[in-house]
Amino acid sequence: MSFSNEEYADIHYVYGYCNGNERQAAVEYEKRFPNRRVPDRRVFARVHRCLRETGSFPKSIAEREPDNDQEDMILEMVERNLSTSVRRIFNQTDTTRMKVWRTLHKFGLYPFHLQGVQALLPTDLDSRMQFCHWLIEHQYLLQKILFTDEATFSRDGINNTRNSHCWSIENLHKTYDKHFQHKFSVNIWCGIINNQLVGPSVLEGPLTGEIYLRFLQEHLPLLMENVPLRNRMQMWIQHDGAPPHFRKQVTAFLNHSYHNRWIGRGGPVSWPPRSPDLTPLDYFLWGHMKSIVYAEQCRNRN
């Protein structure tokens, strides 16, 4: 990052005003010049040292002409290995870390995190396409389908340490608890029909065919009371291919209660396996709900 002569002069002045304290200088500079870019704290000491030793700004700070050969070498390394690191590049090209970053940004290259997705089998494509074509042909059913799913909430929760930080002038050595000895988890069922949330409802113990059947018979009708009667009379129900959903007594109950109006493994309309991206619960609801639940540490099941 380069600065104008006026900015360098102010950087050096503020550094002296703060008696050579880099951190205080960075805070003071931001306070005096709120509309400017705030240099890294190390820049203050570097500018002072270079002016003292050479009487001018160092080449690593001042603007300079790019080295086309080094740029070509950097780009060639990235092209050969898209997952290479900046450290590996500057170690093998005999250049600086800042030069590598400047070159990458100059050509519009930025690091993006890999995103985990559901692994699919080669045979999954046909079943997914068949279901999507069926849904397109029956778009009017979208408002009548009760999409359902279960999710587990545990005490450890989700801790994304990449986004966990604490702003301060000095390291406060903040910590967070993890790997609890006394663990607990809760299974939650939830449904969505025509933009209306049904539930959530707690499923006691590990999900089995017996527990799921009892839920469909006893608890689901109570949860559906807030749904208009007309919608309930025309409702379809969807669930994925989890083993408890595929028990004989469960499919028999669905055939008797919903006739041909249910979607699932072995149902009138087959649900494609390994397809969480096709339901609004996996696609949005669970992530949103867990971000709320795990905003604070869970001390108990309640």
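# A guided reading of the predicted fold

With a relative accessibility of 33%, Arg 274 counts as partly exposed, because that value falls between the limits of 20% for buried and 50% for exposed residues. The residue belongs to the loop that links strand 5 (262-263) to helix 11 (280-293). Its phi angle is near 55°, which is a positive value in a residue other than glycine. The model in which this residue is described is a predicted one.

The protein as a whole contains 11 helices and 5 strands. Of its 302 residues, 33% are buried. Among contacts with a separation of 6 or more, 63% join residues that are 24 or more positions apart.

The helical part may be entered through helix 1 (5-17) and helix 2 (22-32), with Asn 19 in the loop between them. Asn 19 also has a positive phi, near 55°, in a residue other than glycine. Its relative accessibility is 73%, so Asn 19 counts as exposed, the limit for that class being over 50%.

How are helix 1 and helix 2 arranged with respect to each other? They pack at an angle of about 125°, and their axes are 9 Å apart. Helix 1 is therefore oblique to helix 2, since an angle of this kind lies outside the ranges for roughly parallel, roughly antiparallel and roughly perpendicular pairs. The crossing of helix 1 and helix 2 is right-handed. On the side of helix 1, the residues that meet helix 2 are Glu 7, Asp 10, Ile 11, Tyr 13, Val 14, Tyr 15 and Tyr 17. Helix 2 contributes Glu 22, Ala 25, Glu 28, Tyr 29 and Arg 32.

Glu 28, one of these residues of helix 2, merits a closer look. Is Glu 28 buried or exposed? Its relative accessible area is 15%, so Glu 28 is buried, the class being defined by values under 20%. Its side chain makes a polar contact of 2.8 Å with the side chain of Arg 32. Beyond its neighbours within four places in sequence, Glu 28 is in contact with Val 14, Tyr 17 and Cys 18.

Helix 1 also packs against helix 3 (residues 41-54), where the axes come within 9 Å and cross at roughly 100°. The two helices are therefore roughly perpendicular to each other, because angles from 65 to 115 degrees are assigned to that class. From helix 1, the contact involves Tyr 8, Ile 11, His 12, Val 14 and Tyr 15. From helix 3, it involves Val 43, Phe 44, Ala 45, Val 47, His 48 and Leu 51.

Further along the sequence, Phe 107 lies in the loop between helix 6 (97-106) and helix 7 (124-137). A relative accessible area of 42% makes Phe 107 partly exposed. When residues up to four places away in sequence are not counted, Phe 107 touches Glu 71 and Leu 75. Phe 107 and Leu 75 are 32 residues apart in sequence, and their C-alpha atoms are 8.8 Å apart in space.

The strands come next. What is the order of the strands in the open sheet of 5 strands? The order is 3-2-1-4-5, and the pairing is mixed. Strand 3 and strand 5 stand at the edges with a single partner strand each, so one side of each has no neighbour in the sheet. Helix 11 packs on this sheet and touches strand 1, strand 2 and strand 3, its direction making about 35° with that of strand 1.

Strand 1 (residues 145-154) pairs with strand 2 (residues 185-193) in the antiparallel sense, over 8 bridges. Within this pairing, Glu 150 has Trp 189 of strand 2 as its bridge partner, and Ala 151 stands opposite Ile 188 of strand 2. With strand 4 (residues 236-238), strand 1 runs parallel, joined by 3 bridges. Ile 145 stands opposite Trp 236 in strand 4. Strand 1 is mostly covered, as 8 of its 10 residues are buried.

At the edge, strand 3 (residues 196-203) includes Pro 200. Which form does the peptide bond from Gly 199 to Pro 200 take? That bond is cis, with omega near 5°.

Key: Residues are numbered from 1 along each chain as its sequence is written. This is a predicted model: local features need pLDDT of at least 70, side-chain atom pairs count only at pLDDT 80 or more; totals for chains, interfaces and linings use all residues. Side-chain values use heavy atoms; hydrogens and water are left out. Helices (H or I, at least four residues) and strands (E, at least two) are DSSP runs, numbered from the N terminus. Buried means under 20% relative accessible area, exposed over 50%, partly exposed in between (1.4 Å probe, protein chains only). Two strands pair if DSSP finds at least two bridges between them. Contact means heavy atoms within 4.5 Å. Axes are lines fitted to C-alpha atoms, for helices over the stretch in contact, and angles run from 0 to 180 degrees between N-to-C directions. A polar contact is a pair of N or O atoms within 3.5 Å; within protein, one must be able to donate a hydrogen and the other to accept it, and residues adjacent in sequence count only if both atoms are side-chain atoms. Angles under 35 degrees count as roughly parallel, over 145 as roughly antiparallel, 65 to 115 as roughly perpendicular and the rest as oblique. A crossing is left-handed if the near helix is turned anticlockwise from the far one by less than a right angle, and right-handed if clockwise.
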